[in-house]
Amino acid sequence: MQTLRRKDILGLEEISAEEINLILETARSMREIMQRKIKKVPTLRGRSVLNLFYEPSTRTKASFELAQKYMSADSVSVAGTSSSLVKGETLKDTVRNVEIMGIECVIMRHPVSGSSHYLAKNVEASVINAGDGMHEHPTQGLLDMFTIWEKKGRLEKLKIAIVGDIRHSRVARSNLWGLQKMGAEVVVVGPPTLMPPDLAVFGVKHFVDIEEAVENADVVMALRLQKERQESGLFPSMREYAELYGVTAQRITRAKDDLLIMHPGPINRGIEISSELADSPQSVVLEQAASGVAIRMALLYLLLGGIKE
Amino acid sequence: MSGVLQPTALQQSGEGGDKMALKHKATVMDEKTMQQALRRIAHEIVEHNRGTESVVLIGIRKRGAPLAERLQAYLNEIEDFEIPLGILDITLYRDDLTQRQDQPEVHTTDVPFDLTDKHVVVVDDVLFTGRTVRAAMDALIDLGRPAGIQLAVLIDRGHRELPIRADYVGKNVPSSRSELVEVKVKEIDQADQVDILEKVKE
């Protein structure tokens with residue numbers, strides 16, 4: 001397969017293993033461009049992209065903006081709080097108005113699950129979901145897979161333990177769909193109250209004990225405890241959560257020797273992961289950030305680089 | 001621009017609704033003549049650059065890459081010195097990306113040395129419109145500031161659309177625009193051969 005035959009990237013649930021492979025292969029070529037002195041190719045000259053962020057973001061937004069610049073696309077970024085959203089304009093109206101100005105691709109982060117699907121149905125521009133509520137964050141899932149793939153040379157038959165607040169995590173959902181499609185074995189760890197009600201659809205094993213879950217694991221992925229999305233009573237206190245579910249060096253002794261430690265950021269140091277582990281040689285947290293730019297360059301090329309049918 | 005990509009696209013689309021087929025017209029190069037041509041080019045590179053000290057080879061994906069590797073081996077025989085070899089993927093520099101239905105796959109550029117002040121010899125299989133070479137020059141200049149860029153091609157088939165010419169040519173093959181020049185190399189196609197194919201209505 002040469003072409004990604006779709007208009008949008010909304011989630012990894014609907015993307016095939018073949019498409020994921022194409023994206024990862026393309027990202028590998030993009031990675032080389034990032035290592036050059038002149039980090040720019042003329043590929044997307046004259047193409048326009050809108051970054052629409054209705055929720056705070058550092059990494060994802062910076063990474064998308066850099067990817068656009070490296071590919072020579074023109075872009076504008078609008079943050080939720082400074083936009084007409086606060087004046088009561090609907091999402092559809094906002095995007096239709098910028099679309100008529102010539103925007104061909106919209107990158108959107110939005111607090112409501114399903115918002116990027118809604119947008120994609122209502123505009124002609126390509127839509128890339130940069131995180132919608134508690135649903136999916138496909139580019140994060142792809143960059144996590146890319147990081148593992150580059151380090152381990154494959155995804156198939158690797159054991160990956162995702163630890164923490166799965167319930168509120170769009171990162172976890174995207175990784176669960178993507179990694180399993182690529183043939184990895186995924187297990188989830190965390191208090192039952194932080195597991196999504198629909199965990200069964202993913203067909204993964206749930207553990208409450210980290211040490212048991214990471215037995216023979218190739219990768220441990222700690223998730224951020226999303227303070228802003230917690231309803232009261234899901235767990236007693238931050239301190240207690242850290243004591244039971246924080247990823248620390250002592251808890252991962254049963255994993256493989258060449259274990260990779262991952263975290264999508266931003267890190268609550270000392271809560272979901274110990275500071276010592278986040279900075280250890282096994283940690284690929286910074287590589288994840290670099291992979292993010294390569295993945296987003298690849299997606300921009302694959303979505304905008306040819307004629308739309 | 002290599003010959004074999006074109007027939008596929010043609011066979012899929014056809015022209016004017018008629019199905020087009022490709023008929024073999026002539027074989028213009030075989031294993032032996034290809035080897036002779038590349039050896040001669042290697043000698044010409046040495047002569048032109050008065051040695052190979054500051055020369056580097058850059059093969060254009062896909063079939064320029066194995067040809068550059070062979071030139072490197074011949075140059076090594078002549079000068080007893082391994083000259084650096086890089087591989088260039090020009091996909092991201094193409095001028096027809098927004099006009100193509102089939103999106104070309106991006107492959108990795110692998111130039112593990114600095115081009116600044118080097119005499120770069122770009123190697124490709126067929127020189128046709130010159131657009132691939134234009135893209136390659138843009139890509140090279142993003143990687144550094146070479147002292148000069150030279151062009152070596154196995155086949156020059158004419159029909160330039162840009163003011164570009166080759167410094168080293170394996171064989172000039174006058175062709176009509178409706179014909180296809182198909183280069184096969186052992187590393188990719190299990191044979192060393194250059195054929196001219198003619199488009200005919202089925």
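What follows is a walk through a predicted model with two chains, A and B, starting with the domains of chain A and ending with a few unusual spots in the backbone.

Chain A comes in two parts. Domain 1 covers residues 17-137 plus 289-304, while domain 2 takes in residues 138-285. So much for the borders; the next thing to look at is how the two parts meet. Their C-alpha centres are 25 Å apart, and 22 residues of domain 1 of chain A touch 19 residues of domain 2 of chain A. On the domain 1 side, the elements that supply two or more residues each are helix H1 (17-34), strand E4 (126-132) and helix H10 (285-304) of chain A. H10(A) gives the largest share, with 6 residues. Sorted by class, this side of domain 1 of chain A holds 11 nonpolar, 7 polar and 4 charged residues.

Now for the sheets of chain A. One of them is an open sheet of 4 strands, in the order E2-E1-E3-E4 (chain A), and its pairing is parallel. Strand E2 (74-79) and E4 of chain A sit at the edges, each with a partner on one side only. On average, and with direction ignored, neighbouring strands in this sheet are turned by 15° against each other. Inside the sheet, strand E1 (residues 48-53) and strand E3 (residues 105-110) of chain A run parallel and are joined by 5 bridges. To find this pairing in the structure, look for A:Leu52, which stands opposite A:Met108 in E3(A). A helix also packs on this sheet: helix H4 (residues 115-122) of chain A touches E3 and E4 of chain A, and its direction makes about 170° with that of E4(A).

Chain A has another open sheet, this one of 5 strands in the order E7-E6-E5-E8-E9 (chain A), again with parallel pairing. Here the edge strands are strand E7 (205-207) and strand E9 (260-262) of chain A, and each of them pairs on one side only. Neighbouring strands are turned by 20° against each other on average, direction ignored. Strand E5 (residues 159-163) and strand E8 (residues 219-222) of chain A pair in the parallel sense over 4 bridges. A handy landmark is A:Val163, which stands opposite A:Ala222 in E8(A).

The two chains meet as well. At this interface, 15 residues of chain A are in contact with 17 residues of chain B. The largest share of the chain A side, 4 residues, comes from H1(A). The chain A side divides into 5 nonpolar, 7 polar and 3 charged residues. H1(A) therefore turns up at both meeting places, since H1 of chain A is also among the elements on the side of domain 1 that touches domain 2.

Chain B has 5 helices and 8 strands. Along the sequence they follow the pattern α-β-α-β-α-β-β-α-β-β-β-α-β. How does the overall size of chain B fit with a compact globule of 202 residues, and what is the radius of gyration? A compact globule with that many residues would have a radius of gyration near 17 Å, and chain B has 17 Å, so the two agree. Its C-alpha atoms fill a box of roughly 55 × 40 × 30 Å, taken along the principal axes. Buried residues account for 38% of the 202 residues in chain B. Among contacts in chain B between residues at least 6 apart in sequence, 71% join residues at least 24 apart.

Finally, some oddities of the backbone. Most residues other than glycine have a negative phi, and most peptide bonds are trans. In chain A, the peptide bond from A:Gly265 to A:Pro266 is cis, with omega near -10°. A:Pro266 lies in the loop between E9 and helix H9 (275-278) of chain A. Chain B has a cis bond too, from B:Arg61 to B:Lys62, with omega near 10°; B:Lys62 is in the loop between strand E2 (55-60) and helix H3 (64-79) of chain B.

Positive phi values show up in chain B. B:His159, in the loop between strand E5 (148-156) and strand E6 (168-172) of chain B, has a phi near 65°. This histidine counts as partly exposed because 13 C-beta neighbours lie inside 10 Å. B:Gln190 also has a positive phi, near 65°, and is found in the loop between helix H5 (186-189) and strand E8 (193-201) of chain B. With 8 other C-beta atoms within 10 Å, B:Gln190 is exposed.

Key. Residues numbered from 1 in each chain as written. Chains lettered and ligands numbered in written order. Predicted model: local features only at pLDDT ≥ 70, side-chain atom pairs only at ≥ 80, totals over all residues. Domains from an automatic or database assignment. Contact = placed C-beta atoms within 7 Å. Nonpolar A, V, L, I, M, F, W, Y, C, P; charged D, E, K, R; others polar. Pairing = 2+ DSSP bridges. Axes fitted to C-alpha atoms, helices over the stretch in contact; angles between N-to-C directions. Rg over C-alpha atoms; globule rule 2.2 N^0.38 Å. Buried ≥ 20, exposed ≤ 12 C-beta atoms within 10 Å, placed from the backbone.
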